[in-house]
Amino acid sequence: MSGTGARDKLRTYFLEHLGEVLYSDTLREVAGISEWARRIRELRNEEGYQILTHNDRSDLKPGQYLLVNPSPQPAFAREISKETRAFVLDRNGFTCQMCGAVAGEPHPYDPSRKTRLHIGHIVDKSMGGTDTPSNLRALCSVCNEGAANLTLDRPSYEKLLVQVRRATGADQLKVLEWLLRKFPKQVGERHNVTSIE
């Protein structure tokens, strides 16, 4: 089955099960292809469907997906030419720039899979990144799916707080809204916060 056909099936399934928590095993079966997670990313990034995961809501577990709004939001076009893709892959030596996996060889984090490379943005388009080669890098499917981003350091509370403080009031409110959506159960709980640095 083609990637487009799998994406169409996933889109239809999400819309038919609007507001229901869906599981990765079911979605893999619906898509009928091994790269089903990539098709879900395309629904998010290219078509603008707000498909939520555990990264978005604390009540979702890894492997759970939820579509709550049937209307796609404006999406960022992902139009990288074949020439640019070939240039970036060649420049990066056909090697994942996060974990070092080489195209076609068994993946170091999942030896049952051969390494497949994708093109990823260093600065995401949602943050103002471009499709120019200087903002692109080769990523294996495991790192691209976020399953093995072991080489990335997570920002500390202090570093995040500095960034939030530097943001505009409007952006700070967006962060607050996102946190309230991610932690809906905790909103009603009382926390004894003595100080915020």
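Trainee: Which residues are buried in α3?
Mentor: In this predicted model, the buried ones in α3 are Trp36, Ala37, Arg39, Ile40, Arg41, Glu42 and Leu43.

Trainee: So is that helix mostly covered or mostly open?
Mentor: Mostly covered, with 7 of the 10 residues of α3 buried.

Trainee: And the chain as a whole, what percentage of it counts as buried?
Mentor: The chain has 197 residues, and 31% of them count as buried.

Trainee: OK, back up a bit. How many helices and strands are there?
Mentor: You'll find 8 helices and 5 strands. Reading from the N terminus, the order is α-β-α-α-β-β-α-β-β-α-α-α-α.

Trainee: What about contacts, how many of them join residues at least 24 apart?
Mentor: Take the contacts between residues at least 6 apart in sequence: 57% of those join residues at least 24 apart.

Trainee: Let's go inside. Which residues touch the most other members of the largest nonpolar core?
Mentor: That core has 16 residues, and the ones touching the most other members are Phe14, Leu27, Trp36, Ile40, Ile51 and Tyr65. As for where the core comes from, α1 (3-16), α2 (24-31), α3 (36-45) and β3 (64-67) each give two or more residues to it.

Trainee: What does Ile51 touch?
Mentor: Leaving out residues up to four places away in sequence, Ile51 touches Phe14, Ile40, Leu43, Arg44, Asp56, Tyr65, Leu66 and Leu67. Two of the names there, Ile40 and Leu43, are also on the list of buried residues in α3.

Trainee: Which residues are in the second core?
Mentor: The second core is separate and has 15 residues, including Ile80, Leu117, Leu136 and Ala138.

Trainee: Switching to charges. How many salt bridges does the count come to?
Mentor: The count comes to 11 salt bridges.

Trainee: Pick a good one. What does Glu47 pair with?
Mentor: Glu47 forms a salt bridge with Arg7, where the closest N and O atoms are 3.3 Å apart. Glu47 sits in the loop between α3 and β2 (51-52) while Arg7 is in helix α1, so this pair ties together parts that are 40 residues apart in sequence. Glu47 also forms a salt bridge with Arg11, and there the closest N and O atoms are 2.8 Å apart. Arg11 is in helix α1 too, so that pair links parts 36 residues apart in sequence.

Trainee: Why would side chains like that pair at all?
Mentor: In general, side chains of opposite charge can pair when their charged atoms come close.

Trainee: Is Arg7 buried or exposed?
Mentor: Buried, at a relative accessible area of 15%. Glu47 is partly exposed, at 21%.

Trainee: Which residues are linked in the salt-bridge network?
Mentor: The network links Arg7, Asp8, Arg11, Glu35, Arg38, Arg39, Glu42, Glu47 and Arg116. Arg39 and Glu42 also turn up among the buried residues of α3.

Trainee: And within a helix, what does Arg28 pair with?
Mentor: Arg28 forms a salt bridge with Asp25, with the closest N and O atoms 3.1 Å apart. Both are in helix α2, 3 residues apart, so about one helical turn separates them. Arg28 is partly exposed at 38% relative accessible area, whereas Asp25 is exposed at 53%.

Trainee: Cysteines next. How many disulfides does a search of the whole structure find?
Mentor: The search finds 0 disulfides. Cys96 is in none, and the nearest cysteine sulfur, from Cys99, is 3.7 Å away. The cut-off for a disulfide is 2.5 Å between the sulfur atoms, so a separation of 3.7 Å doesn't qualify.

Trainee: Are Cys96 and Cys140 buried or exposed?
Mentor: Cys96 is buried, with 2% relative accessible area. Cys140 counts as buried as well, at 0%.

Trainee: Now the outside. How much accessible surface does the chain have?
Mentor: About 12,800 Å², and 53% of it belongs to carbon and sulfur atoms.

Trainee: Which residues make the nonpolar surface patch?
Mentor: Val164, Val175, Trp178, Leu179 and Phe183 make a patch of about 350 Å². Helix α7 (residues 169-182) supplies the largest share, 3 residues. Val175 is in that helix and is partly exposed at 36% relative accessibility.

Trainee: And Leu176, where is that one found?
Mentor: Leu176 is found in helix α7 and is partly exposed, with a relative accessible area of 43%. Its C-alpha atom is 10.0 Å from that of Val164, and the two residues are 12 apart along the chain.

Technical notes: Residues are numbered from 1 along each chain as its sequence is written. This is a predicted model: local features need pLDDT of at least 70, side-chain atom pairs count only at pLDDT 80 or more; totals for chains, interfaces and linings use all residues. Side-chain values use heavy atoms; hydrogens and water are left out. Helices (H or I, at least four residues) and strands (E, at least two) are DSSP runs, numbered from the N terminus. Buried means under 20% relative accessible area, exposed over 50%, partly exposed in between (1.4 Å probe, protein chains only). Contact means heavy atoms within 4.5 Å. Accessible areas come from the Shrake-Rupley method with a 1.4 Å probe; for residues, only the protein chains shown count as cover. A nonpolar core is a set of buried Ala, Val, Leu, Ile, Met, Phe, Trp, Tyr and Cys residues joined through side-chain atoms within 4.5 Å. Patches are made of residues with over 30% relative accessible area and no salt bridge: like charges are joined within 9 Å, nonpolar side chains (Val, Leu, Ile, Met, Phe, Trp, Tyr) within 5 Å. A salt bridge is a side-chain nitrogen of Lys or Arg within 4 Å of a carboxyl oxygen of Asp or Glu.
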